[in-house]
Amino acid sequence: SGDLILESAVFQGNSADDDGGAIVVSSGGSIRDDGSSFSGNQGARGGAILLESSSANLNDTVIDNNSAVEIGGAISVIGSEDFILTRGRIWRNSANLFGGGIAFQDYSNLDAIIRNSRFQDNISVDGGAVSYTGTSAAGMIANNTFVANSATGGGGAALHIESSTASEMYIWSNIFLGNDGDSALYNQTAN
């Protein structure tokens with residue numbers, strides 16, 4: 001654990017045999033970023049960033065052309081710590097399973113906020129741009145633009161929610177344009 005503070009950093013062409021191609025934050029740590037860029041990174045979970053039981057506050061972050069062998073082409077978020085993305089640019093990322101852009105797994109914290117961001121040309125089997133899987137899904141997705149994201153398995157080209165419960169998901173004032181899959185938004189929850 002620990003706190004990582006970044007400003008205008010560049011992470012390019014990094015590769016991890018395991019998780020988080022550029023950065024791994026775990027065990028209650030945190031990351032705060034203002035204006036950094038991540039491109040061409042690769043990892044199993046989180047092509048650029050893996051957050052495991054850790055918090056993030058990302059502002060004006062550009063995450064472009066990263067890939068994950070499993071989930072979260074740009075970012076993989078596992079657990080329920082605070083996650084805030086403001087004015088992010090999540091472009092051309094890919095994951096072989098869920099969340100070409102961002103993958104949330106077992107996330108039940110209402111303090112997940114994705115706002116004023118652009119997701120474009122991300123691809124995965126389900127959740128081309130953003131996916132929520134596992135036992136819970138929670139958070140706010142507001143004032144974002146989702147353009148030309150793809151889900152090759154069909155489920156939620158822009159946003160894919162597949163969990164036991166998603167009673168605290170708030171999605172409003174987003175633009176969904178030209179996303180390719182069975183639907184732009186897919187929701188399959190038990191409750």
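These are my notebook entries on what I looked up in this structure, which is a predicted model.

**Entry: Ser54**

I began with Ser54, which sits in the loop between β7 (49-52) and β8 (55-59). I asked whether Ser54 is buried or exposed. Its relative accessibility is 3%, so I noted Ser54 as buried, the cut-off being under 20%.

Next I looked up what the side chain of Ser54 reaches. A polar atom of that side chain lies 3.3 Å from the backbone nitrogen of Ser26. The side chain of Ser54 also reaches the backbone nitrogen of Gly29, at 3.3 Å. I then listed the contacts of Ser54, leaving aside neighbours within four places in sequence: Val25, Ser26, Ser27, Gly28, Gly29, Glu81 and Asp82. Ser26 and Gly29 are thus in the contact list of Ser54.

**Entry: salt bridges**

How many salt bridges does the structure hold? I found five. I wrote down some of them.

The side chains of Asp19 and Arg45 meet in a salt bridge, with N to O at 2.6 Å. This pair links distant parts of the chain, 26 residues apart: Asp19 is in the loop between β2 (10-12) and β3 (23-26), and Arg45 is in strand β6 (residues 42-45). I checked accessibility and found both Asp19 and Arg45 buried.

Arg45 also forms a salt bridge with Glu52, where the closest N and O atoms are 3.9 Å apart. Glu52 has a relative accessible area of 29%, so I put it down as partly exposed.

I then turned to Asp60, which forms a salt bridge with Arg87; the closest N and O atoms are 2.8 Å apart. This pair too links distant parts of the chain, with Asp60 in the loop between β8 and β9 (62-64) and Arg87 in the loop between β12 (83-86) and β13 (89-91), 27 residues apart. Asp60 is partly exposed at 36% relative accessibility, and Arg87 is partly exposed at 38%.

Which residues do salt bridges with shared partners join into one network? They are Asp19, Arg45 and Glu52.

**Entry: Arg32**

I looked up Arg32 next and found it in strand β4 (residues 30-34). Arg32 counts as partly exposed because its relative accessibility is 36%. Not counting residues up to four places away in sequence, Arg32 touches Leu4, Ile5, Leu6, Asn57 and Asn59. For Asn59 I also noted the spacing: Arg32 and Asn59 are 27 residues apart in sequence, and their C-alpha atoms are 8.0 Å apart in space. The side chains of Arg32 and Asp34 are joined by a polar contact of 3.4 Å.

**Entry: strand β15 and its partners**

I followed the pairing of strand β15 (residues 102-105). Strand β11 (residues 75-78) pairs with β15 in the parallel sense over four bridges. Within this pairing I looked up Ile78, whose bridge partner in β15 is Gln105. β15 is also joined by four bridges to strand β19 (residues 130-142), and these two run parallel. Here the bridge partner of Ala103 in β19 is Ser131.

**Entry: the nonpolar core**

I copied out a general point first: nonpolar side chains in soluble globular proteins tend to be buried together. In this model the largest nonpolar core has 36 residues. Which of them touch the most other members? They are Leu51, Ile75, Phe83, Ile102, Phe104, Phe119 and Tyr132.

I took Ile102 as my example. Leaving aside neighbours within four places in sequence, Ile102 is in contact with Ile75, Val77, Phe83, Leu85, Ile114, Phe119, Ala129, Val130 and Ser131.

**Entry: aromatic pairs**

A search of the whole structure gave seven aromatic pairs. In one of them, the rings of Phe11 and Phe38 have centres 4.8 Å apart and planes at 5°, so I noted the pair as stacked. Phe11 is in strand β2 and Phe38 in strand β5 (residues 37-39), 27 residues apart, and the pair links distant parts of the chain. Phe11 and Phe38 are buried.

Phe104 and Tyr107 form an edge-to-face pair, 5.1 Å centre to centre with 65° between the planes. Both Phe104 and Tyr107 are buried. I last looked up which residues form one aromatic cluster, and found Phe83, Phe104, Tyr107 and Tyr132.

Note on methods:
Residues are numbered from 1 along each chain as its sequence is written. This is a predicted model: local features need pLDDT of at least 70, side-chain atom pairs count only at pLDDT 80 or more; totals for chains, interfaces and linings use all residues. Side-chain values use heavy atoms; hydrogens and water are left out. Buried means under 20% relative accessible area, exposed over 50%, partly exposed in between (1.4 Å probe, protein chains only). A polar contact is a pair of N or O atoms within 3.5 Å; within protein, one must be able to donate a hydrogen and the other to accept it, and residues adjacent in sequence count only if both atoms are side-chain atoms. Contact means heavy atoms within 4.5 Å. A salt bridge is a side-chain nitrogen of Lys or Arg within 4 Å of a carboxyl oxygen of Asp or Glu. A nonpolar core is a set of buried Ala, Val, Leu, Ile, Met, Phe, Trp, Tyr and Cys residues joined through side-chain atoms within 4.5 Å. Two strands pair if DSSP finds at least two bridges between them. Rings of Phe, Tyr and Trp (its six-membered ring) pair if their centres lie within 6.5 Å; planes under 30 degrees apart count as stacked, over 60 as edge-to-face and the rest as tilted.
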